[in-house]
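Could you walk me through this model in my viewer, one selection at a time? I am new to it and would like to know what to click on next and what I will find there.

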Amino acid sequence: MKNTKPLPPNLQQQIDTTPATTDAHTKYQQLQSSWDITEPTLVSHTPLLGPLITRFRQVWLNIATRWYLQALRQQQIEFNSLTVQQINHHHHQLNQHQDHLKHALDWLVTQSQHNHDHTHDLAQIRLQLRNLNQRLDHLESLIDQHQADKS
Amino acid sequence: MTLNLAYVSPLPPATTGIADYSADLIPHLATHTNLTLITNPQLPPTLSFRAPFNPLDTQTTSPLKQELNEVEKSTIPQIPIDHYPNHHQKFDLTLYQMGNSLHHQFMYPYLLRYPGVIMLHDYILHHFIHALNHTPNSPTPYAQTLGHAHGRPGLTLANQILNQQSSPPWFDLPLNQHLIDTSLALLTHSHYTANLLRAHRPDRPIHVIPQLMSPTDAPHLRAKLPWPVDATIIASAGQVTRNKQLDRALRAFARLRPQHPNLYYLIIGAPNPQEFDLDPLLTELKIHDAVHLTGYVPDLNTFIRWFHTADIIVNLRYPTAGETSATALRALAAARPLIVYDHGWYSELPATTTLKIPPQDDEALYQALHTLVTNPQQRRALGRAGQTHIHNHHQPATIAHQYTTTLTTLYHHLTTPT
């Protein structure tokens, strides 16, 4: 774009840090790291007996629910993984579309500037042409007069 | 060579200073050119414009005079702007008087479609462009203009503003680039604005023609004020908006008053209630009894008489929109000493006529007021010099002559193929 001026720094910063854009970017980054569900680590803060309680819970979990929760967790991870892959795919496509849109907008702005320049040039050429026609008319009338004088 | 000139401007009854400016200029300009007024069909002019001393009237050389079958040869021909496209080829040049208000909306599409010479009364056109109507399902003129000037970031900013996520940066972005790019040439009232325009388009012809003003001599209106006849009166004039800095002027006045109990402050005009709440300030400064507000003064003669009522005129504007202040010139025309901020066009006022202080410097403002309040001789000297300056440089006949010379030079320049 040949003739655009950059925005003043305060306004450029304003458009770069729109709350909606910043928020969406943060959530997208969170999504990249939170799709994989990790097993929680069991801890107890009870003095002295804490390690014993933790061990007991671990054993109970292994006996009672691990076989069931592990399957569920695996299903959820697969679902999350597919979802994030799909979101990343759309995100990539969206970025591509945005790039195309950016190029299109840049092209439109350039065309707008060319358009204004051409309107200016056309007006000036029209003015020059009009002036030349007037001078031509004047010359023709002089020739006519000269010929009339001769005859 | 006598120019065939199309003249496009708001005209009275449009309530803008540019309409009054044109009403003063047109009769004088018509003595030097074959002038045709291009008018707003929604608001036809109420004045009958004549060129009383036009030697060209006897020659009927105006291309439109015969076509429009004007009864009186001294009447300046007029055509509504929607008929202008059928006639524009008949003119050597079209002169647009452009300012930052919706009074110029009628001419805007023609200005872009049929480029001419633009007298840019305001450097900043942001308020005008923002207020323009737009047709549904098309980009707004605001977005178009911001995009044209600042590319994609400009479009993003326009969307934010139009969706009310942020407020328009009125004084940061002038939004005049598209007009500069299209125009054949530009005229301004100040070198300050001319330099800003040149920075954007050094290839466009740009000329300075001073603002128009005549010296005045009118009786004062002191009898209408509840103050002593020998009171020293400081005044500010025009609609009171935030950027007129009246609060600073009143604070400086309040500081001075205890030492000068015969000092009073006159506000010629009315506050814009959305921008300035005067009463709480007067209460805070305890100067209710020493300040008088005239309210809006619709009649120009009365307006001028109020200027002659004051001893000192304070005309502060911050930020500046690149404007030329008619109020400042009216103070000089009335031979009144003037205090202004030293920036923009105001810096170009001769130092012999005006006290110029750094913008927003309250101490300098206090000192300038103190100097003038305590020194009537200096007030008179500044006032006389100001009125002489107006007499020599701003009278309508002088300005019309400058227009004619400039436009003729421009015509020769523009019609010479490069």
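Begin by selecting B:Gly238 and showing what surrounds it. Setting aside neighbours within four places in sequence, this glycine is in contact with B:Lys244, B:Ile268, B:Gly269, B:Ala270 and B:Phe303. Keep in mind as you go that you are looking at a predicted model. Trace the backbone and you will see that B:Gly238 sits in the loop between β8 (232-237) and α9 (246-256) of chain B. Is B:Gly238 buried or exposed? Its relative accessibility is 17%, and because the cut-off for buried is under 20%, B:Gly238 counts as buried. Now draw a distance from its C-alpha atom to that of B:Ile268: the two are separated by 6.2 Å, although they lie 30 residues apart along the chain.

Stay where you are and turn on the cavities. Three cavities of 30 Å³ or more are counted in the model. B:Gly238 helps to line the second largest one, along with B:Ser236, B:Ala237, B:Val240, B:Lys244, B:Leu246, B:Ile267, B:Val314, B:Asn315 and B:Leu316. This cavity has a volume of about 90 Å³. Colour by element and you will find that β8 and β11 (312-315) of chain B each supply at least two of the lining residues. By class, the lining has six nonpolar, three polar and one charged residues.

Next, go along strand β8 of chain B to B:Thr232. B:Thr232 is buried too, with a relative accessible area of 16%. Beyond its neighbours within four places in sequence, this threonine is in contact with B:Asn262, B:Leu263, B:Tyr264, B:Asp311 and B:Arg379.

Now return to B:Phe303, one of the contacts of B:Gly238. Select helix α11 (300-309) and helix α12 (326-333) of chain B, whose axes come within 9 Å and cross at roughly 65 degrees. The crossing of α11(B) and α12(B) is right-handed. Which residues of α11(B) and α12(B) meet? From α11(B) come B:Leu300, B:Phe303, B:Ile304 and B:Phe307, and they meet B:Thr327, B:Arg330 and B:Ala331 of α12(B). Sorted by class, this contact has five nonpolar, one polar and one charged residues.

Time to bring chain A into view. The largest cavity holds about 160 Å³ of space. It is lined by 14 residues, and the closest to its centre are A:Ala123, A:Leu127, B:His88, B:Phe91 and B:Pro115. Two elements give two or more residues to this lining: α4 of chain A and β4 (93-98) of chain B. Of these, α4(A) gives the most, with four residues. The lining of the largest cavity divides into eight nonpolar, three polar and three charged residues.

For the last stop, switch from cavities to pockets and pick the second largest pocket, with about 1,600 Å³ of space. It has 49 lining residues, and the closest to its centre are A:Leu105, B:Arg152, B:Leu155, B:Thr156 and B:Asn159. Helices that each supply at least two residues of this lining include α1 (9-16) and α2 (19-34) of chain A, as well as α6 (141-162) and α7 (177-182) of chain B. The largest share, 15 residues, comes from α4(A). Here the lining of the second largest pocket divides into 19 nonpolar, 27 polar and three charged residues.

How values were computed: Residues numbered from 1 in each chain as written. Chains lettered and ligands numbered in written order. Predicted model: local features only at pLDDT ≥ 70, side-chain atom pairs only at ≥ 80, totals over all residues. Heavy atoms only, no water. Buried < 20%, exposed > 50% of the residue type's maximum accessible area, 1.4 Å probe, protein only. Contact = heavy atoms within 4.5 Å. 1 Å grid on protein atoms, 1.4 Å probe; cavity = no way out; pocket = protein on both sides within 12 Å on 5 of 7 lines; lining within 4 Å. Points joined across faces, edges and corners; volume = space filled by probe spheres on them. Nonpolar A, V, L, I, M, F, W, Y, C, P; charged D, E, K, R; others polar. Axes fitted to C-alpha atoms, helices over the stretch in contact; angles between N-to-C directions. Left-handed = near helix turned anticlockwise from the far one by under 90°.
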